[in-house]
Amino acid sequence: MMEIPKSVTYHLQIEEGPTSFGAQIVELPGCFAVAPTREEVIRRIHEAAKSHLRSMVEDGEEIPLPAEVSEEEFQLV
């Protein structure tokens, strides 16, 4: 069974809407979060990423490597 890496840096995209913030991790399609504040959306996307990666491991999927470097990076530890 594959293991979740202990530390990997993924690329985070955050968008501000009229009443909330949305975040997604570029390398993990379908991994996203929404929250009323930027700080909260970062906390939620971190939890979503851990859950997403756990599911990928359980399903035997390959863990994607980080894409090219962007302005904002997200370190999952």
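**Note on the predicted model: sheet, helix and core**

1. Among contacts in the protein between residues at least 6 apart in sequence, 51% join residues at least 24 apart. The coordinates come from a predicted model. The protein has 77 residues, and buried residues make up 30% of them.

2. Overall layout. The protein contains one helix and four strands. Read from the N terminus, the order of the elements is β-β-β-α-β.

3. E1 and E2. Strand E1 covers residues 8-16 and strand E2 covers residues 21-25; the two pair in the antiparallel sense, over five bridges. The connection from E1 to E2 is a hairpin through four residues. Two of the facing positions can be named: Leu12 stands opposite Ile25 in E2, and Glu15 has Gly22 in E2 as its bridge partner.

4. E2 and E3. These strands also run antiparallel, and four bridges join them. Here Gly22 stands opposite Val34 in E3. Gly22 of E2 is therefore placed between two partners, being the bridge partner of Glu15 and standing opposite Val34. The hairpin formed by E2 and E3 has six residues between the strands, and Gly30 in its turn takes a positive phi of about 90°.

5. Faces of E2. Which residues of E2 are on its covered face, and which on its uncovered one? Phe21, Ala23 and Ile25 make up the covered face, while Gly22 and Gln24 make up the uncovered one. The general background is that side chains in a regular strand alternate between the two faces of the sheet.

6. His11. This residue lies in strand E1. Is His11 buried or exposed? Its relative accessible area is 4%, under the 20% cut-off, so His11 is buried. The side chain of His11 is joined to that of Glu27 by a polar contact of 2.4 Å.

7. Nonpolar core. The largest nonpolar core has 18 residues, of which Tyr10, Ile25, Leu28, Val41 and Ile45 touch the most other members. Two or more residues of this core come from each of E1, E2, strand E3 (32-35) and helix H1 (38-58). H1 gives the most, with six residues.

8. Leu28. Its neighbours within four places in sequence aside, Leu28 is in contact with Tyr10, Ala49, His52, Leu53, Met56 and Pro64. Of these partners, Tyr10 is listed with Leu28 among the core residues that touch the most other members, and Ala49, Leu53 and Met56 are among the buried residues of H1.

9. Helix H1. The helix has 21 residues, and the distance from its first C-alpha to its last is 30 Å, close to the 30 Å expected at 1.5 Å a residue. Its buried residues are Val41, Ile45, His46, Ala49, Leu53, Met56 and Val57. Why can these buried residues be said to line one face of the helix? Seen down the axis of H1, they fall within an arc of 145°, so they line one face.

10. After the helix. Gly60, just after H1, takes a positive phi of about 75°. Gly30, in the turn between E2 and E3, likewise has a positive phi, of about 90°.

Conventions
Residues numbered from 1 in each chain as written. Predicted model: local features only at pLDDT ≥ 70, side-chain atom pairs only at ≥ 80, totals over all residues. Heavy atoms only, no water. Pairing = 2+ DSSP bridges. Buried < 20%, exposed > 50% of the residue type's maximum accessible area, 1.4 Å probe, protein only. Polar contact = N/O pair within 3.5 Å; in protein donor to acceptor, adjacent residues only side chain to side chain. Core = buried A, V, L, I, M, F, W, Y, C linked by side-chain atoms within 4.5 Å. Contact = heavy atoms within 4.5 Å. Expected span 1.5 Å × (residues − 1). Arc of directions from axis to C-beta.
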